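Dear colleague,

I am passing on the structure below, together with some notes on what turned up when I went through it. Please have it open beside you as you read.

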Amino acid sequence: MLRFISRALAFWRKVDSSEAEREQHQRLLEGHTESKTVQGVVTKFCSNYGLIDELIYFSSDVVTGNVLLKVGQKVTAVVEENKTSHGLKAIKEVTTNDFEPYQGDRVEVVFSIQPDTQSRKALSVKPLRHKHVHKVCITSLQGRNGVLDDTIFFTLESLKLPDGYVPRVSDMVDAVVVESVQSCYVWRAISMTLVKKG
């Protein structure tokens, strides 16, 4: 039954999917483990749900790392098979792969060591800790830097914002923040969405 569903889903997948992605999804459908981590591309996204590689369903409540997901964005997700529909669903953290560290950020880096030269190559960099904060106020804005709720630092150079939004003091926002050592702050906002103008 799983092979039949897998073949049916493969028919609807985009033609330009790589062979490695197809094999990864096939192993997930046939596997008996509880969950797996996969990498893919957002192929559909609405306000509260989306699809990764036209195959993996996710809801907005499992999105972390960047609240401004767009079609075509590369993501990593923890997925499991839905026992009823036998489809794949993201159950934890859908994170974007475009995180760019800023000086002071606490990060986790995965390296590979080149056997011939003993040099290291960074394969991935992600925040050590991150969280969503909701309905926080912009309490300070000095030039290109600012503060949310007197506790979270941000700089406009590294902040992802919706098109056309310019942060102002007293605006109420939702934000994704990462653990970072910034003077007297331990969190740095990496994306911000306007909730209410101040």
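In this model, which is predicted rather than determined by experiment, five strands close into a barrel, following one another in the order β9-β10-β11-β13-β12, and the pairing among them is mixed. From one strand to the next, the twist averages 50°.

One pairing within this barrel can be described in more detail, namely that of strand β10, residues 145–148, which runs antiparallel to β11 and is joined to β11 over four bridges. In this pairing, Asn145 stands opposite Thr155 of β11.

The interior comes next. The largest nonpolar core is made up of 15 residues, and those with the most contacts inside it are Leu148, Phe154 and Met192. The elements that contribute two or more residues to this core are β9 (130–142), β11 (152–155), β12 (172–182) and β13 (185–196). There is also a second, separate core of 14 residues, which includes Val63, Leu69, Val75 and Ala77.

Leu148 deserves a look in the viewer, and you may wish to select its partners together: once neighbours within four places in sequence are left aside, Leu148 is in contact with Val136, Cys137, Ile138, Thr139, Phe154, Val173, Ala175, Ala189 and Met192.

One of those partners, Thr139, is found in strand β9. With residues up to four places away in sequence not counted, Thr139 touches Val147, Leu148, Asp149, Asp150 and Val169. Thr139 and Asp149 are ten residues apart in sequence, while their C-alpha atoms are 5.6 Å apart in space. Thr139 has a relative accessibility of 31%, and therefore counts as partly exposed, since that class lies between 20% and 50%.

Two residues have backbone angles that I would ask you to check. Most residues other than glycine have a negative phi. Lys135, however, is not a glycine and has a positive phi of about 50°. This lysine, Lys135, lies in strand β9, and because its relative accessible area is 60%, above the 50% limit, Lys135 is classed as exposed. The other case is Asp149, again a residue other than glycine, whose phi is positive and near 45°. Asp149 is found in the loop between β10 and β11, and at 34% relative accessibility Asp149 counts as partly exposed.

As for the cysteines, how many disulfides does the structure hold? The structure holds zero disulfides. Of the cysteines, Cys46 is partly exposed at 37% relative accessibility, and Cys137 is also partly exposed, with a relative accessible area of 21%. Because buried means under 20%, Cys137 does not count as buried.

Finally, some totals for the protein chain as a whole. Its secondary structure comes to two helices and 13 strands. Of its 198 residues, 37% count as buried, and the chain exposes about 12100 Å², of which carbon and sulfur atoms supply 52%. Among the contacts between residues at least 6 apart in sequence, 54% join residues that are at least 24 apart.

With best wishes

Terms used:
Residues numbered from 1 in each chain as written. Predicted model: local features only at pLDDT ≥ 70, side-chain atom pairs only at ≥ 80, totals over all residues. Heavy atoms only, no water. Core = buried A, V, L, I, M, F, W, Y, C linked by side-chain atoms within 4.5 Å. Buried < 20%, exposed > 50% of the residue type's maximum accessible area, 1.4 Å probe, protein only. Contact = heavy atoms within 4.5 Å. Pairing = 2+ DSSP bridges. Axes fitted to C-alpha atoms, helices over the stretch in contact; angles between N-to-C directions. Disulfide = S-S within 2.5 Å. Areas by Shrake-Rupley, 256 points an atom, 1.4 Å probe, with all protein chains shown as cover.
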